[in-house]
Amino acid sequence: MNSKNNNKKLRESFEQAANIYQQARPDYPDQMFDDLIHTANLNPGDHLLEVGCATGKATLPLAKRGFKITCVELGAELVTIARQNLVGMDVDIINGSFEDWQSEAENGFDLVFAATAWKWVNPEVRYIKAGQVLRPGGHLAFWNADHVFPDDGDPFFREIQTVYYEIGEGKSVENNDWPRPGQLHEQKDEIEKSGLFEVVHIRHFDWEHIYHVDEYIKLLETFSGHILMDEWKRDKLFNEIRVRLNSRPEKSVRRHWGAVLHVARRKD
């Protein structure tokens, strides 16, 4: 399968996790939203466009802060659940791809943002499209929630790699597959290469969450790579995870999350 088709398959796989996504995926830190609002000089009532809202993990905190939000989400199941999660908020959710969507409010948005979704949007289109729908001086912001590995982190993740290798899904030692907090990839060069945006702010955030056995399995069931695994691989992996975590006194795992908030201003 070529990389373009594979990316499409990965991008569409989240539909299969729609019913557990909101509960299983981590909440982003409040401090990150405060930092974004301050940097982009946003005020309640401003109109934001979210690319790929999934079930509303990032939408809800911003809607609660008084912003009007339009979301464009590819997955129909995700849209249904997002609408339930955002009842009573000033949020409009459109089912479709950002690449194909046509805005009725050309140059009308104060911010375009994407939470763990920007990487799924066609790189040849995303900056052009964001620039078209933003008002002059408007901002683009995006971040991913990724696994980071502090020196004092839980040893479980390196220990379980033996099982991932057995099923042919192991992490490489190279490629920065084991980033420490603060070491996640920054996309400043990519943003500025578009010629459409000027990077005004990049900041790393990290936080920790403790997952009990079933919570951790649920989390893995929302990751595209695990969703698309052969069933025998997933069964072997999840069984081994259950055995290992249940043998711990606390029956849980401590997972460290990291995110790099990128904020850029539209060039006029």
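Two strands count as paired if DSSP finds at least two bridges between them. The model toured here is predicted.

**Strand β5**

Select residues 134–143, which form strand β5. Eight of the 10 residues in β5 are buried, so the strand is mostly covered.

Add residues 252–266, strand β8. β5 and β8 run antiparallel and are joined by four bridges. To see the pairing at residue level, pick alanine 141 and look across to β8, where valine 263 stands opposite.

Now bring in strand β4, residues 109–115. β4 pairs with β5 in the parallel sense, over six bridges. Label valine 112 and follow its bridge into β5, where the partner is leucine 140.

**From β4 to β5**

Show residues 126–133, helix α6. Together with β4 and β5, α6 makes a β-α-β unit, and the unit is right-handed.

**Helices α10 and α12**

Hide the strands and select residues 213–220 for helix α10 and residues 231–246 for helix α12. The axes of α10 and α12 lie 10 Å apart, and the two helices pack at an angle of about 150°. Angles over 145 degrees count as roughly antiparallel, and α10 and α12 are therefore roughly antiparallel to each other. The crossing of α10 past α12 is right-handed.

Finish with the side of each helix that makes the contact. On α10, show Val213, Asp214, Tyr216, Ile217 and Leu220. On α12, show Phe238, Ile241, Arg242, Leu245 and Asn246.

Conventions. Residues are numbered from 1 along each chain as its sequence is written. This is a predicted model: local features need pLDDT of at least 70, side-chain atom pairs count only at pLDDT 80 or more; totals for chains, interfaces and linings use all residues. Side-chain values use heavy atoms; hydrogens and water are left out. Buried means under 20% relative accessible area, exposed over 50%, partly exposed in between (1.4 Å probe, protein chains only). A crossover is right-handed if, with the strands pointing away from the viewer, the path from the first strand over the helix to the second runs clockwise. Axes are lines fitted to C-alpha atoms, for helices over the stretch in contact, and angles run from 0 to 180 degrees between N-to-C directions. Angles under 35 degrees count as roughly parallel, over 145 as roughly antiparallel, 65 to 115 as roughly perpendicular and the rest as oblique. A crossing is left-handed if the near helix is turned anticlockwise from the far one by less than a right angle, and right-handed if clockwise. Contact means heavy atoms within 4.5 Å.
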